[in-house]
Amino acid sequence: MTAPITFVNREAEDGWWMGEALKEAEKAARIGEVPVGAVLVHNGAIVARGGNAMVTAKDATQHAEMRVLRAAAYAVGDTRLSTATLYVTLEPCAMCAGAIVLARVGRVVFGAWDEKAGMSGSVADILRHPRLNHRCEVQGGVRETESAALLTAFFKSRRG
């Protein structure tokens with residue numbers, strides 16, 4: 001866990017924490033994983049961090065968000081993370097969005113939009129669906145260019 005940090009405004013805070021998520025995405029890319037990273041901030045400090053590990057774990061559920069939610073629940077001692085903010089470099093998919101809602105994460109901030117699988121406004125909006133019993137505050141596009149560039153470079157290198 002990191003020491004609490006105080007920020008002047010929300011934009012500066014979101015940019016800072018997204019930088020930490022970008023570091024996790026870069027780590028994932030270095031080991032051959034799709035470069036998606038996430039951190040969960042609770043009471044001004046990171047309580048969990050991680051990147052995609054689907055290839056390494058041979059498990060399709062090992063998205064960055066899922067790994068971070070598991071670790072955060074353990075670190076905080078509660079499955080409900082209503083006062084926490086999840087920072088992730090790519091718009092959450094359906095699986096991750098569902099887990100985020102079930103964990104009752106208070107706020108989700110993401111970098112790049114995912115026009116093919118994003119469930120925070122691109123394809124659908126699970127995180128703010130009016131029929132669900134929990135809705136997250138959502139902010140997309142934070143450090144979007146950097147987040148998207150990591151993904152573009154990764155997939156370009158795979159195509160040769």
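**Exercise 1. Find which helix gives the largest share of the lining of the largest pocket, and how many residues come from there.**

Solution. Helix H5 gives the largest share, four residues. Helices here are DSSP runs (H or I, at least four residues), and strands are E runs of at least two, numbered from the N terminus. Keep in mind that this is a predicted model, where local features need pLDDT of at least 70, side-chain atom pairs count only at pLDDT 80 or more, and totals for chains, interfaces and linings use all residues. Residues are numbered from 1 along each chain as its sequence is written, and side-chain values use heavy atoms, with hydrogens and water left out.

Next, look at the lining by type: twelve nonpolar residues, three polar and five charged.

**Exercise 2. Place Ser147: which helix holds this residue, and is Ser147 buried or exposed?**

Solution. Start with the helix: Ser147 sits in H5, residues 144-159. Then check accessibility: Ser147 is at 1% relative accessibility, so this residue counts as buried (under 20% relative accessible area; exposed is over 50%, partly exposed in between, with a 1.4 Å probe and protein chains only). Finally, leaving out residues up to four places away in sequence, Ser147 touches Leu22, Thr89, Gly111, Ala112 and Val142 (heavy atoms within 4.5 Å).

**Exercise 3. Work out the strand order of the open sheet.**

Solution. Its five strands run E2-E1-E3-E4-E5, with mixed pairing (two strands pair if DSSP finds at least two bridges between them). At the edges are E2 (45-51) and E5 (137-139), each pairing on one side only. E5 pairs with E4 (residues 107-112) in the parallel sense, over three bridges.

Notes:
Ala, Val, Leu, Ile, Met, Phe, Trp, Tyr, Cys and Pro count as nonpolar, Asp, Glu, Lys and Arg as charged, and the others, Gly among them, as polar.
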